[in-house]
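Thanks for making time this morning. I would like to walk through one structure with you, starting with its pocket and then turning to its aromatic rings.

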Amino acid sequence: MRLGRVVVGGHSMRPALEHGDRLVYVSGAPRVGDVCVATDPRAPGRWIVKRVAAVDDGAVTLASDLAGHERLRVPAGAIVGRAVLRYRPLGRFGRI
């Protein structure tokens with residue numbers, strides 16, 4: 001199992017996640033409803049934090065929680081891990 005950290009950038013995951021939230025992620029297969037960290041197909045070398053909307057045929061559809069943002073379909077191999085814990089800010093500490 002791989003463990004890592006990521007910082008949320010932007011507001012597309014509001015209200016569940018806020019800009020600047022710091023998350024812990026673990027490797028593993030994504031499931032619908034999970035918040036995942038993935039490589040951004042639009043900007044190589046950049047990661048995104050999105051919710052899994054669908055998993056099928058070796059691909060994962062990622063969506064924002066905030067209405068009006070695009071969905072992205074990425075290869076399953078683009079998933080870095082599943083977010084499991086918000087550790088900062090301390091006032092919002094808890095499981096994802």
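Which strands each supply at least two residues of the lining of the largest pocket? Before I answer, please keep in mind that what you see is a predicted model. The strands in question are S1, covering residues 3-7, and S4, and it is S4 that provides the largest share of the lining, with 4 residues.

As for the pocket itself, it encloses about 250 Å³ of space, and its lining is made up of 18 residues, among which Gly9, Ser12, Arg46, Ile48 and Lys50 lie nearest the centre. If we sort that lining by chemical character, we find 8 nonpolar residues, 6 polar ones and 4 charged ones.

Let me move on to the aromatic rings, where strand S4 comes up again. The structure holds 1 aromatic pair, formed by Tyr25 and Trp47 in an edge-to-face arrangement, with 5.8 Å from centre to centre and 85° between the planes. The pair links distant parts of the chain, since Tyr25 belongs to strand S2, residues 22-26, while Trp47 belongs to strand S4, residues 47-56, and the two are 22 residues apart.

Is each partner buried or partly exposed? Tyr25 counts as buried because its relative accessibility is 4%, which falls under the 20% cut-off. Trp47, by contrast, counts as partly exposed because its relative accessibility is 37%, a value in between the 20% and 50% limits.

Terms used:
Residues numbered from 1 in each chain as written. Predicted model: local features only at pLDDT ≥ 70, side-chain atom pairs only at ≥ 80, totals over all residues. Heavy atoms only, no water. Phe/Tyr/Trp six-rings, centres within 6.5 Å; stacked < 30°, edge-to-face > 60°. Buried < 20%, exposed > 50% of the residue type's maximum accessible area, 1.4 Å probe, protein only. 1 Å grid on protein atoms, 1.4 Å probe; cavity = no way out; pocket = protein on both sides within 12 Å on 5 of 7 lines; lining within 4 Å. Points joined across faces, edges and corners; volume = space filled by probe spheres on them. Nonpolar A, V, L, I, M, F, W, Y, C, P; charged D, E, K, R; others polar.
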